[in-house]
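Reader: I am in my first year and would like to learn how labels such as buried or edge-to-face are justified. Could we go through one structure together, step by step?

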Amino acid sequence: MDIKTFKTLAAKLPPKMAVLMRGPTGVGKSHMGKALANELNLPFLDVRGSTMDESQVSGIPDFETSKELGVSTFCLPSWYVRACREPVVLMLDELNRSMPQVMQSFFQIVLDRELGNNAEGEAVRLHPETRVIAAVNHGNEYDVNDMDPALLRRFWVVDLEPTNEDWINWAGDNDIDPITIDFIRQHPEHLRVDPGSVEPGTVIPTPASWHRLDESLRFMGMVPSDQAGTRPDGLYPLASGFVGTEAAIAYSEFIARYERVVSAEDVLEGRIKADRAKELSAAEGLGVLDKVVNWTKDNTLSKKQAKNVAAFLEQRGGEQLVHFWNALSKTQELANIKAMHSLIGTKVIDVIRAARDIAGNK
């Protein structure tokens, strides 16, 4: 399942319906949990089972209550207590890499939505609007515990397989450097590598590792957009430690040969001449248009800026014209949509009709 489908369906499930996400490490399971929490406007609590022992889930004995009332109760962990007091998205991460006792406690949360007991012997239940998401690393390369098929039936099970476009859209919304996004757009084979296809212990690229590389480059003052056309010292060894040798070589070469990043502002202010706009590759052109769309999410187009965008689109051809229009429409920014509709609306309709006529004649 791709990310768009997951976000659409997961947010509409009943709160009591637990979700199980499966996929290799680095595929974006944690980001999906956060995205769901943002969609629902709820706090996000990420609990990593592989780092916990039984006491960190089921709690420790409450000796004071035991002395006072003569009954045995437990002090439950803060994350669980919060999920009982208020609605949250509770993510039980790395479920099948957990110790058996931890896994059993997690299963009680999933199956019964309760844990422990109070002084009256009643289980402490989750808030009725709290949502539970479990995540497991899936693949032969992991040392994991198998899950009982009977337990799987209690989840909505999702085999998460984000598309390259999913990552590109996410990266554009999360300030990943434009050159890195363009690199993945033009070299999608380097976004992720099947762990089972390489020797154990080999560093390979994943969506998560590209994010970590981008964060590190920014912190170290090596922003790719500022390094375009050069070979900065340390870029290759740094990248290879995050995404592996092959991806690091290709990425370093891509930056060294990158003439100049075309920004949204370049298009909006009319700084890109017709011949330059026309000579961009398809992937480069899409990258520029996506930057313009991202700009419109937080800004309003002036008449001059809208005309400059239309002039750029005129050089990019029909498919990219339709791509831009669809992406702009999804922003739901009516002022910008109206501004561009008056300039390109008829052309978009003509392109779509022409495509339908071609398809109908085949």
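Reader: Which helix gives the most to the lining of the largest pocket?

Author: Before I answer, please keep in mind that this is a predicted model. The helix that gives the most to the lining of the largest pocket is α8, with seven residues. Other helices that each supply at least two residues of this lining include α1, α9, α16 and α18.

Reader: What is the volume of the largest pocket, and which residues are the closest to its centre?

Author: The volume is about 1500 Å³, and of the 44 residues that line the pocket, the closest to its centre are N169, W170, D173, N294 and K297. By residue type, the lining divides into 18 charged, 13 polar and 13 nonpolar residues.

Reader: Why is the contact between D290 and R185 called a salt bridge?

Author: The term requires a side-chain nitrogen of Lys or Arg within 4 Å of a carboxyl oxygen of Asp or Glu. For D290 and R185 the distance from N to O is 2.8 Å, and because the limit is 4 Å, the pair qualifies. D290 lies in helix α16 and R185 in helix α9, so the pair ties together parts that are 105 residues apart in sequence.

Reader: How do you know whether D290 is buried or exposed?

Author: Buried means under 20% relative accessible area. D290 has 15% relative accessibility and therefore counts as buried, and R185 is buried too, with a relative accessible area of 15%.

Reader: What makes R231 exposed, and how is its salt-bridge partner E253 classed?

Author: Exposed means over 50%, and R231, at 56% relative accessibility, therefore counts as exposed. E253 has a relative accessible area of 26% and is partly exposed, because that class lies between 20% and 50%. Their side chains meet at 2.6 Å, N to O, and R231 lies in the loop between α11 and α12 while E253 is in helix α13, so parts 22 residues apart in sequence are tied together.

Reader: Which residue forms a salt bridge with D93?

Author: The partner is R48, with the closest N and O atoms 3.4 Å apart, so the pair falls within the limit of 4 Å. The pair links distant parts of the chain, since D93 is in strand β5 and R48 in strand β2, 45 residues apart. D93 counts as buried at 3% relative accessibility, whereas R48 is partly exposed at 34%. These two residues also belong to a network of salt bridges that links D46, R48 and D93, and a search of the whole structure finds twelve salt bridges.

Reader: Why is the pair of W79 and Y80 called edge-to-face?

Author: Two rings pair if their centres lie within 6.5 Å, and planes over 60 degrees apart count as edge-to-face. W79 and Y80 are 6.1 Å apart, centre to centre, with 90° between the planes, so both conditions are met. W79 counts as buried at 14% relative accessibility, and Y80 is buried with a relative accessible area of 0%.

Reader: What makes the pair of W167 and W170 tilted?

Author: Their ring centres are 6.2 Å apart and their planes lie at 45°, so the pair is tilted, because that angle is neither under 30 degrees nor over 60. W167 and W170 are both in helix α8, three residues apart, about one turn of the helix, and both are buried. The structure holds seven aromatic pairs, and ring pairs link F183, W210, Y251 and F254 into a cluster.

Terms used
Residues numbered from 1 in each chain as written. Predicted model: local features only at pLDDT ≥ 70, side-chain atom pairs only at ≥ 80, totals over all residues. Heavy atoms only, no water. 1 Å grid on protein atoms, 1.4 Å probe; cavity = no way out; pocket = protein on both sides within 12 Å on 5 of 7 lines; lining within 4 Å. Points joined across faces, edges and corners; volume = space filled by probe spheres on them. Helix = DSSP H or I, 4+ residues; strand = E, 2+ residues; numbered from the N terminus. Nonpolar A, V, L, I, M, F, W, Y, C, P; charged D, E, K, R; others polar. Buried < 20%, exposed > 50% of the residue type's maximum accessible area, 1.4 Å probe, protein only. Phe/Tyr/Trp six-rings, centres within 6.5 Å; stacked < 30°, edge-to-face > 60°.
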